[in-house]
Amino acid sequence: MNTSARALPSLQRELSRRLTLLSAGWLMALVIVLAWGVKHEVDDLLDDALREAAELIYGMVALNAPLPGDAGSDILPAPPHEEHIVWQIVHQDGRLLKRSHRAPSIPFFTEGRGGLSDGPTQWRVYGVHLPGQPTWLYVAQRGAERLRSGHEAAGFVVLSAVVVSLFWAIVLRRRVAVTLRPLEEMARQIPHYDPMRPATSLPPADRAEIAAIRGAVTELGQRLARRIENEQAFAAHAAHALRTPLAGMDAQLALAEREAGADAMPRLARTRAAVERLKRVVQSLLAFFRPQAEMALQTVALADLVAQLPVEGLQIELEGEGSLYCDPNLMSAAVANLMDNALRHGARRLRLSAESDGERQILRLCDDGPGVSPERRAQLLAQLRSGSGSTAADAPAQALGLGLSLAALVAQAHGGDLDLAAGEPGWPGLQVILRLWQHGEAPSGLVMGAPMQVTRPMELGP
C-alpha cells in the first residue's frame, strides 16, 4: 500500500469511531436514566418501609399492647444494634412520650402531622394518629442514610451497565473488523489480478457488496485486456510491416556503397546507420508486443551483452566484470535504445557497470554528453512513472522518447524500475539506473500486459 493510500481515512476506523461515540452516548443516557430510576425506586421502597413500620407499631397500640419500658423513661429499651428506622410517640401538646433508643430526644413535630413528610434535620417522617388517644406516632429515617442507600443501589446498577456496555462495544468492534475482512482480502487480491492471465482471476464473492466490486474490477480488467491485445496486435503488425522494407533498404544501401564514389560514402554510411538503428527499434517492438511473450532468464556477463550491440560513433567502457540475471534479448533491446539515446544527445563515450546492493541488481549507464537539468530529470521520471509518455502536442524538447520508455518497461518486466540521476566526475551526462530483481527471485512484472513466463529464449532477429 502506498503512502497516499495510508493517509486516506480508514472505513474500519471510521465505523469503529462512530460505534464508540454512539456507545458512549448511549451509555451516558443509560446511566442518567438508570440513576434517576434507581433513586426513585429506592425512595419508594424506603417510604414503604416507613409506612409498614408505622402500621406495625400502630397495630400494637391499637390492640392495647403495652410498650416495654418503665414509666420513668421515654426510651424504649433494646439490645445494642444499628437502628435504621426510629420512632417517636408524641402527645398532641408536643410532649415526647416514648421513642426508640436512636430517635432524637426532640419531637419531630409538636403538632400532629399525618402521612409522609420531611422533618427537621434531614429526616424523612411518616406520621399516623393513634386511635382513642391524643397522641401521634412518627416513624422516621435519616436523609443521609436514604441517600447513601440510593447511591449504593444506583452505583451497582450503573457499574453493571458500564461493564455490559463495554463488553458489547468490544464485541461490536470485533464484528465490524470481521465484517470488513472480505474488503481487506479483496484489496490484497486485486494487486495480483492480471486480466491477461486467467489463473489470477479474483475468487468468487460471498457478499453482495464484494460481488459488485469484483464485477467492476473484472469488467475493467477485461476492457484493459482487450485494449492491450489491440495495441499488441497493432504494434506487431506495424513492426512486421516495417521489418521487410528496412531489410530491403539496408541491402540496397549496401549495394550503393559498393558502386558509389568517395563523395557519397559518408552520406550512405549515415543513412545506413539510421536504418540499422530503426531496425533495432523494430526488433525491440517485436520483442515486447509478441503475443504471449516468454522470458528466457539466464546469467549474462555484461561484456557479452554489450558485445552484441555495436553502436557506431559511441565508445563503450565497462567498469568491472559484472553480470545480470535477466532475459538477454529484452535487456539488449533496452541497452541498445539507451545507447542510441546517448548518441543522439551528443555523447561520445558511455560507461556501463553492473552490481548488487543486496536487494536488487543494478545496471548503470553514464555518458559524457551535456546531460539534463534536475527539473528535466524530474519531468522525465514523472512521465515514466505516470505512463503518460509523449503526445503529438508535446514539444520535441518535452517528448519522452522510445529509449527511456522501452528501458523502463524492461526493468518492470524484471521486477524493478528505472531511475535517472546526475552524472559523475568524468561523466557529466545523464545517468540511467535500472534496478532488477535478484538472481533466483521470480519475476513480478509484466511487459505491456503480456504474461511473462520463464521458459525458452526469445530471438530478436528477423
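This is a short tour of a predicted model, with suggestions on what to select and what you will find there.

**The whole chain**

Start with everything shown as a cartoon. The chain has 9 helices and 12 strands. Of its 462 residues, 38% count as buried. If you display contacts between residues at least 6 apart in sequence, 65% of them join residues at least 24 apart.

**The five-stranded sheet**

Next, select strands E7, E9, E10, E12 and E11, which is their order across an open sheet with mixed pairing. Where are the edges? They are formed by E7 (315-319) and E11 (417-421), each of which has a single partner strand, so one side of each lacks a neighbour in the sheet. Look along the sheet and you can follow its twist, which averages 20° from one strand to the next.

**Strand E10 and its neighbours**

Now colour E10, residues 361-367. How much of this strand is buried? Of its 7 residues, 6 are buried, so "mostly covered" describes E10 well.

On one side, add E9 (residues 349-356), which runs antiparallel to E10 and is joined to it by 7 bridges. Show side chains for Leu352 and Leu365: the latter, in E10, stands opposite the former. Then move to the hairpin linking E9 and E10, where 4 residues lie between the strands. Pick out Gly358 in this hairpin; its phi is positive, near 95°.

On the other side, bring in E12, residues 431-436. E10 and E12 pair in the antiparallel sense too, over 6 bridges. For a pair to label here, try Cys366, whose bridge partner in E12 is Gln431.

Carry on from E12 to E11: these strands are antiparallel and joined by 5 bridges. Asp419 has Ile433 of E12 as its bridge partner.

**Helix H7 on the sheet**

With the sheet still visible, turn on H7. Which strands does this helix touch? H7 packs on the sheet and touches E7, E9, E10 and E12, and its direction makes about 20° with that of E10.

**H7 against H9**

Keep H7 (residues 328-344) and add H9 (residues 402-413); the two pack at an angle of about 155°, with their axes 8 Å apart. That angle makes H7 roughly antiparallel to H9, and H7 passes H9 in a left-handed crossing.

To see the contact, show side chains on both helices. From H7, select Leu330, Met331, Ala333, Ala334, Asn337, Leu338 and Asn341. From H9, select Leu402, Gly403, Leu404, Leu406, Ala407 and Val410. Colouring by class gives 10 nonpolar, 3 polar and no charged residues in this contact.

**H3 against H4**

For the last stop, select H3 (residues 143-189) and H4 (residues 208-259). They pack at an angle of about 15°, with their axes 10 Å apart. H3 and H4 are therefore roughly parallel to each other, and the crossing of H3 past H4 is right-handed.

Which residues meet here? Show Pro182, Leu183 and Met186 in H3 together with Ile210, Ile213 and Arg214 in H4. By class, the contact of H3 with H4 consists of 5 nonpolar residues, no polar ones and 1 charged.

Methods: Residues numbered from 1 in each chain as written. Predicted model: local features only at pLDDT ≥ 70, side-chain atom pairs only at ≥ 80, totals over all residues. Heavy atoms only, no water. Axes fitted to C-alpha atoms, helices over the stretch in contact; angles between N-to-C directions. Parallel < 35°, antiparallel > 145°, perpendicular 65-115°, else oblique. Left-handed = near helix turned anticlockwise from the far one by under 90°. Contact = heavy atoms within 4.5 Å. Nonpolar A, V, L, I, M, F, W, Y, C, P; charged D, E, K, R; others polar. Buried < 20%, exposed > 50% of the residue type's maximum accessible area, 1.4 Å probe, protein only. Pairing = 2+ DSSP bridges.
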